[in-house]
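Welcome, and thank you for opening the viewer. Could you walk me through this structure, telling me what to select at each stop and what is there?

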Amino acid sequence: MLPSDLIVEVRDATLQRQGQLTADDLTDALFEPTSNEIGVWSITLPHTVVDENTGKTQEHRLCRLLRTPGYGLIVTGPDGVILSGPTVGAAFEASIADPEGSWTIEGVSDLQLIADALAYGDPTTYDLAAQGTANDSRTDDAESLLYWFVDRNRGPAAVFERRNPALTLAANLGRGPTLKKSPRFQNLLELSQEIVTEAFALDGIRLCFDVLQITDHLEFRVWVADDKSDELRFDHLNGQLDRTSYEYAAPDLTEAIVAGGDEGTARVMRRRTGNTGWGRHIETFIDRRNTEDATELDQSGDEALAEAAEDAAVFEIVPNIDLAHDDDQPRSRRLDYGKWVVGDLVTVVIAGEEITVPVASAPIRVSAAGVLVGATLGSLAVDARTRSLAARLSHLERSL
């Protein structure tokens with residue numbers, strides 16, 4: 001990917017575009033689209049710029065707008081929007097070397113809209129005293145469940161007080177196995193992550209979801225990860241990799257005991273087990289008092305086992321920057337972002353072994369030297385809501 005491949009625009013609180021950042025603005029930026037998780041972005045802009053017409057120093061207009069509460073960014077690549085989302089904070093710094101100072105502005109992806117919401121037990125009313133059902137129980141295919149709960153709690157079908165008028169839903173293609181979910185004031189992002197994890201545990205389908213700005217509205221969309229493992233091979237020997245790291249360990253769970261509703265010995269109890277090959281028997285207890293349905297209880301156990309298995313292996317790769325920026329290199333041989341996106345399955349060669357894994361995130365670092373695209377493979381081991389945005393950005397900056 002080249003710097004000219006990126007269009008970075010500032011939007012206002014009504015999602016209207018207010019201007020495009022220039023190549024000179026994009027000398028210290030990081031954009032991280034992520035699969036089924038909140039993406040992050042960070043950009044450093046000067047407080048002042050020199051007006052080309054008058055030669056006078058003036059405040060950087062788009063820098064001022066971008067750090068305004070409610071504003072945000074839209075990052076577009078050759079194949080469409082890569083990431084969009086609001087500003088969440090800004091910090092100013094000046095020094096003797098830079099007396100005018102600069103602003104480092106940080107933000108998150110529009111999937112934060114889902115993370116900010118709860119899945120009500122009865123989403124048809126805003127009145128907590130008038131909740132007609134304890135749980136919003138629904139049995140359907142996994143994709144339909146995702147759209148159902150997002151629609152009723154934040155989308156067009158939500159009550160006025162909770163509806164985001166800018167949010168629309170992409171077409172529902174009804175993919176994935178049949179699941180049953182009965183949320184009661186559960187975090188909407190956590191519920192969505194449960195659904196895609198359980199769908200994969202049940203029949204191997206990798207559903208991905210995100211919220212992106214399309215024209216002047218936001219769209220919640222679901223897609224199935226593309227298997228590009230035969231097409232895209234990250235390997236040091238073929239010159240496609242600059243750096244790799246790989247860590248693996250025994251998972252922290254092999255048996256889940258899931259307890260449903262009721263009290264004491266009357267509670268419904270289910271056991272789900274997994275074989276890790278490490279020779280360990282690691283048990284955990286999962287409290288699911290909100291349901292007595294055996295299918296839902298089994299799904300919770302399977303989800304916990306699947307997450308433990310994925311979190312036990314973490315990969316990070318950095319594609320070859322020289323290859324990515326070589327204009328004499330045929331674009332079909334480059335590993336540009338867009339030829340692969342978050343969620344896709346790719347092949348990476350680690351210590352001579354070929355491993356097929358999904359791309360969990362793709363940090364895109366823009367600097368004066370150009371664009372460097374990295375990739376985190378497998379699942380993100382730590383939820384974005386349990387570690388600070390600054391910590392995530394710092395880790396990515398050190399990695400790239």
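Before the first stop, here is one rule to carry along: the expected span of a helix is 1.5 Å times one less than its number of residues. Keep in mind, too, that this is a predicted model.

**Stop 1: helix 3**

Select residues 142–153, which make up helix 3. How far apart are its end C-alpha atoms? They are 17 Å apart, and because twelve residues at 1.5 Å a residue should span 16 Å, the two values agree. Helix 3 is also where confidence in the protein chain is highest, at a mean pLDDT of 98.

Now show the surface around helix 3. Is this helix mostly covered or mostly open? It is mostly covered, with ten of its twelve residues buried. Among them are A142, E143, L145, F149 and R152.

**Stop 2: S84 and its surroundings**

Next, select S84 in strand 8, which runs over residues 80–93. S84 counts as buried because its relative accessibility is 0%, and buried means under 20%. Which residues touch S84, once neighbours within four places in sequence are left aside? The contacts are R11, L73, I74, V108, S109, D110, V211, L212 and Q213.

Pick L212 from that list and draw a line between the two C-alpha atoms. S84 and L212 are 128 residues apart in sequence, while in space the distance is 5.7 Å.

**Stop 3: D110 and R11**

Two other contacts of S84 are D110 and R11, so let us select those because they also meet each other, in a salt bridge. The N to O distance is 2.8 Å. Where does each partner sit? D110 is in the loop between strand 9 (102–108) and helix 2 (112–115), and R11 is in strand 1 (residues 7–11). The pair links distant parts of the chain, 99 residues apart.

Are these two charged partners buried or exposed? D110 has a relative accessibility of 4% and counts as buried; R11, also at 4%, counts as buried as well.

Keep D110 selected and display what surrounds it. Beyond neighbours within four places in sequence, D110 is in contact with R11, S84, G85, P86, V211, Q213 and L218. V211 and Q213 were also on the contact list of S84.

**Stop 4: a salt-bridge network**

How many salt bridges does the model have in total? The count comes to 19. For another one, select R270 and D298, whose closest N and O atoms are 2.9 Å apart. R270 lies in strand 20 (residues 269–273) and D298 in helix 5 (residues 294–311), so this salt bridge ties together parts that are 28 residues apart in sequence. At 32% relative accessibility R270 is partly exposed, whereas D298, at 12%, is buried.

Add R272 to the selection. Its side chain forms a salt bridge with D298 too, at 3.6 Å from N to O. R272 is in strand 20, and its partner in helix 5 is 26 residues away along the chain. With a relative accessibility of 25%, R272 counts as partly exposed. Finally, include D302: salt bridges that share partners join R270, R272, D298 and D302 into one network.

**Stop 5: a nonpolar patch on the surface**

Turn to the outside and select Y246, Y248 and W278. Together they form a nonpolar patch with about 360 Å² of accessible area. One of the three, Y248, is found in strand 18 (residues 241–248), and its relative accessibility of 56% makes it exposed.

Strand 18 also holds R243. This residue is partly exposed, at 38% relative accessibility. Select G374 along with R243: they are 131 residues apart along the chain, and their C-alpha atoms are separated by 9.3 Å.

**Last stop: where to be careful**

Now color the model by pLDDT. The protein chain averages 83, and 84% of the residues score at least 70. Where is confidence lowest? Look at helix 6 (residues 321–325), with a mean of 42.

Select residues 321–334, where pLDDT stays under 50 and the model has 27 contacts beyond four places in sequence. Then select residues 379–400: pLDDT is below 50 there as well, and this stretch has 55 contacts beyond near neighbours in sequence. Where pLDDT is low, the predicted coordinates should not be read in detail.

Methods. Residues numbered from 1 in each chain as written. Predicted model: local features only at pLDDT ≥ 70, side-chain atom pairs only at ≥ 80, totals over all residues. Heavy atoms only, no water. Salt bridge = Lys/Arg side-chain N within 4 Å of Asp/Glu carboxyl O. Helix = DSSP H or I, 4+ residues; strand = E, 2+ residues; numbered from the N terminus. Buried < 20%, exposed > 50% of the residue type's maximum accessible area, 1.4 Å probe, protein only. Patch = residues over 30% accessible without salt bridge, like charges linked within 9 Å, V, L, I, M, F, W, Y side chains within 5 Å. Areas by Shrake-Rupley, 256 points an atom, 1.4 Å probe, with all protein chains shown as cover. pLDDT = per-residue confidence, 0-100. Contact = heavy atoms within 4.5 Å.
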